[in-house]
Amino acid sequence: MGRNDRKRRTPMATKAIAASAALAIGGAGLIWAQMNASAHESSSSGQNTTKAAAASAVATIACPDVGQQLTNVPQKARQGVATELANLDKQITEAYARLASTRQAQANDPSFVQNAIVGPLKEKRAATIDRIRIDIQRVGGSVNAAALKQLAACTTQTANNTTAGGQNNNGGQNNNGGQNNNGGQNNNGGQNNGNTAAPSASASASAPAANNGGQAGNGPTAADFVDITKVANNVLAKPQKQAQASTGSFTTRCGVNANKNHNTDNVIVAPGVTNGAHHEHDYVGNQKVNAFSTNDSLLAAPSSCQNQSDLSAYYWPVVRVQDGSQEFDANALGGGKEGNVGKILTPQSAQIKYVGSPASKVVAMPQFLRIITGDAKTLTNGLANANAHWSCTGFENKVQLTEQYPICPQGSNVVRTFAFQSCWDGVNIDSANHRTHVAFADPASGVCGNGFKAIPQLTMRLVYKITPPTIQNGVVKNAYAVDGFPEQLHKASTDHDDFISVTKNNLAATIANCINTGKKC
């Protein structure tokens, strides 16, 4: 596929708090609550089926993303703050599990969710948020305590009013190779414009209230899939190359994680926190990445890349087919105990390529630069930081989906693509909220704003061979989905990707020089 220059979306009108995949962190979760048995049914052919959720059911819990408000955390406080943010995620996970396991009580008492789940969750969050304030102020940092306190309260969302993951306009109007142009906002009251998508959640009002879809009861539903052949073209033109454009590219070959290097940590956002991601990652490149990795340990680790000077960590959530398979983590945290079930798929191919800027030369990436692209919590946060792009081979230059998974035609494979932020502040290798030190270039011109410098843009293309799901009467058979937090209901828009730049033998400069001189390396 050709180069994509994706620009971050404008904020959604419905979005109250800035979202961040960088804060997809959490401590050890509890034993995953058993879902309603009807969430997983087997047909006579042995295929697994998933029903759409009832429109009136409380589907999930939506909590403000505290970490995104913390843009100026002193370095000395960051570990403590990260640990408390992990506690917030653990609390949400526990509350969601309680929501899923108390459907009968909810049916008997309309105030049950508020009194027994959301109210107590607010109290726990308030105490944790206050500890964050103390951690910051103890080392001389400043914080708006009143504003922070207001982030304690959470709300519930019904199956048909979640912020993301529903129907969209033209499958998600894309700008510059797949970036949503309108923040993913729906037109015509959320109806598809000229498209025939999977039935909405409200289409199956007879489904049990406890059933939010999926083999584990927490998604995906039929509404999360769309026949890509029925989606209007939505990929717009890329920016025109200017005189100083850097037109080269550098491809690094690091494999597809055939050796099944997985864990549920995320050292960028949750250093020192086991199961900080609450979902499994595939790892290629650096082979010793976990919650306890340090810069020194990353430099000393082996690499799966053919170029052994590339020790960078490339990792992303796994994709699973919910076919009833019992994976190695079926009874583990981050796996089956937290709603991530089914057979983990290894990509058929994983292309990792660095490309240039249409507006300028690039500077070499600094050692240990961290970048996270996308948002693991878009269902409750909105699409402002979403950077999920799903398509099918043969359709990539025509259709890119953010809010739905594609059903590909026979002979076509599912494709996930990412184009990371390509502008750097020139100083920091990370930031308190893991976002503000990097940015997307302007979508029209490709220019980096605010004094930021253009760096090689990391792009990734993952291809999966998946038997196309089928939808009949609001039921999806053999659904597939990306791993995620349980309360995010496995929405397609929650896809995200993580990267730590680690190189030896002047490789970072070599990459920049290759791109700046127009070579294909």
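Is serine 412 buried or exposed? In this predicted model, serine 412 counts as buried, because its relative accessible area is just 9% and the cut-off for buried is under 20%. Serine 412 belongs to the loop that runs between strand E17 (405-407) and strand E18 (414-419). Leaving aside residues up to four places away in sequence, the neighbours that serine 412 touches are Cys392, Thr393 and Phe395. With threonine 393 there's also a link through polar atoms: the side chain of serine 412 comes to 2.7 Å from the backbone oxygen of threonine 393.

Now for the nonpolar residues. In soluble globular proteins, nonpolar side chains tend to be buried together. Here, the largest nonpolar core brings together 60 residues. Tyr314, Tyr354, Trp390 and Tyr480 are the ones with the most contacts inside that core. As for who chips in, helix H7 (residues 507-516) gives the most to the core, namely five residues.

Then there's the empty space. Rolling a probe the size of a water molecule over the atoms shows where such space is left. The second largest pocket holds about 540 Å³. It's lined by 25 residues, and Gln75, Arg78, Ile268, Pro271 and Asp430 are the closest to its centre. Sorted by class, the lining of this pocket splits into 13 nonpolar, nine polar and three charged residues. Helix H1 (residues 78-101) supplies the largest share of the lining of the second largest pocket, with five residues.

Definitions and conventions
Residues numbered from 1 in each chain as written. Predicted model: local features only at pLDDT ≥ 70, side-chain atom pairs only at ≥ 80, totals over all residues. Heavy atoms only, no water. Core = buried A, V, L, I, M, F, W, Y, C linked by side-chain atoms within 4.5 Å. Buried < 20%, exposed > 50% of the residue type's maximum accessible area, 1.4 Å probe, protein only. Helix = DSSP H or I, 4+ residues; strand = E, 2+ residues; numbered from the N terminus. 1 Å grid on protein atoms, 1.4 Å probe; cavity = no way out; pocket = protein on both sides within 12 Å on 5 of 7 lines; lining within 4 Å. Points joined across faces, edges and corners; volume = space filled by probe spheres on them. Nonpolar A, V, L, I, M, F, W, Y, C, P; charged D, E, K, R; others polar. Polar contact = N/O pair within 3.5 Å; in protein donor to acceptor, adjacent residues only side chain to side chain. Contact = heavy atoms within 4.5 Å.
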